[in-house]
Amino acid sequence: MPNLPRITVWNEFRHEKAHADVAAVYPKGIHQAIADGLAAEGFPVRTATLDEPEHGLTDELLAQTDVLIWWGHMAHGEVRDEIVERVQRRVWAGMGLIVLHSGHFSKIFKRLMGTSCELKWREAGERERIWVVEPGHPIAAGLGEYFEIPHAEMYGERFDIPAPDQLVFVSWFQGGEVFRSGCCFYRGAGKVFYFRPGHETFPIYYQPEVRRVIANAAAWAAPARGPAVTFGQRKQPLEKL
Ligand code: ZN
């Protein structure tokens with residue numbers, strides 16, 4: 001496939017350093033597991049983490065990023081506001097953003113949604129069945145009617161987000177809750193996809209269906225390279241008045 005989007009996978013990279021059970025699942029970090037899956041599909045992919053200068057998200061790196069993937073959980077508050085604003089401006093300018101799992105509470109996602117992004121949760125290792133509810137959507141390409149994650153953290157509705165522009169997945173959990181697991185949003189010239197799976201103690205980012213979705217989402221979220229938009233006063237009309 002020509003011109004695959006350039007991807008940067010961002011991870012706060014703290015659980016893997018602090019918790020042996022997480023490091024056992026993701027010895028090179030969650031970001032590297034996701035990057036490995038995308039590299040296997042041929043995407044040019046780089047990684048960035050919280051503790052690097054500018055959280056690894058320099059102007060230069062973002063200018064060379066078509067799609068940014070975001071994983072965070074325990075350190076959302078440590079992400080500097082000016083970096084969040086920098087990412088938001090890039091999204092408005094057309095960069096794609098894929099927010100994973102506990103990234104629902106990240107500063108960048110809450111800022112782009114404008115809502116609390118609260119939800120229900122339970123950590124019991126229960127089964128999750130993810131239903132494709134928009135089979136014609138490119139993010140669902142190659143999947144069956146549903147796929148299952150054998151051990152997952154539960155996220156339940158209500159998920160306090162604005163109504164998605166497109167809803168691709170709905171999850172059912174063994175305990176009975178449901179959740180909007182794959183949500184597409186348009187913000188400025190950019191596309192945002194929220195994808196629920198991915199708790200740090202479960203090997204979810206090695207699962208083929210999950211990798212399929214992330215790769216599909218990266219292709220979908222790539223900049224459309226549509227017209228440059230202009231704003232402001234127009235003294236000269238296009239037609240004679
Ligand atoms: Zn989690």
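The 13 residues lining the largest pocket of this predicted model divide into nine nonpolar, three polar and one charged. A good place to go next is the second largest pocket, where Glu 153 is among the residues nearest the centre; Glu 153 is also one of the residues that coordinate the zinc ion. Here is a quick tour, topic by topic.

**The two pockets**

- The largest pocket holds about 230 Å³ of space, and Trp 92, Ala 93, Ala 189, Pro 227 and Val 229 are the lining residues that lie nearest its centre.
- For the second largest pocket, the volume is about 200 Å³.
- Its lining is made up of 14 residues, with His 73, His 104, Trp 121, Glu 153 and Tyr 155 nearest the centre.
- Two elements, strand E5 (120-132) and E6, each give two or more residues to that lining.
- By type, the lining of the second largest pocket has four nonpolar, six polar and four charged residues.

**The zinc site**

- Three residues coordinate the zinc ion: His 101 through NE2, Glu 153 through OE and His 199 through ND1, at 2.0 to 2.1 Å.
- If you want to find these donors in the sequence, look for the spacing H-x51-E-x45-H.
- Glu 153 sits in strand E6 (residues 146-156), while His 199 belongs to the loop between strand E9 (190-195) and helix H7 (208-221), so this pair ties together parts that are 46 residues apart in sequence.
- Both Glu 153 and His 199 are buried.

**The nonpolar cores**

- The largest nonpolar core counts 41 residues, and Phe 169 and Phe 193 have the most contacts inside it.
- Helix H7 gives the most to this core, contributing eight residues.
- Leaving aside residues up to four places away in sequence, Phe 193 touches Leu 97, Ile 98, Val 99, Ile 139, Val 168, Phe 169, Gly 182, Cys 183, Cys 184, Val 213, Ala 217 and Trp 220.
- Another core, of 33 residues, lies apart from the largest one and includes Ala 48, Leu 61, Leu 97 and Phe 179.

**A look at Glu 82**

- Glu 82 is found in helix H5 (residues 81-92).
- Its relative accessibility is 41%, so Glu 82 counts as partly exposed, a class that runs between the 20% and 50% cut-offs.
- Along the chain, Glu 82 and Ala 35 are 47 residues apart, and their C-alpha atoms are separated by 25 Å.

Methods:
Residues numbered from 1 in each chain as written. Predicted model: local features only at pLDDT ≥ 70, side-chain atom pairs only at ≥ 80, totals over all residues. Heavy atoms only, no water. Donors = N, O, S within 2.8 Å, 3.2 Å for Na, K, Ca; no water. Helix = DSSP H or I, 4+ residues; strand = E, 2+ residues; numbered from the N terminus. Buried < 20%, exposed > 50% of the residue type's maximum accessible area, 1.4 Å probe, protein only. Core = buried A, V, L, I, M, F, W, Y, C linked by side-chain atoms within 4.5 Å. Contact = heavy atoms within 4.5 Å. 1 Å grid on protein atoms, 1.4 Å probe; cavity = no way out; pocket = protein on both sides within 12 Å on 5 of 7 lines; lining within 4 Å. Points joined across faces, edges and corners; volume = space filled by probe spheres on them. Nonpolar A, V, L, I, M, F, W, Y, C, P; charged D, E, K, R; others polar.
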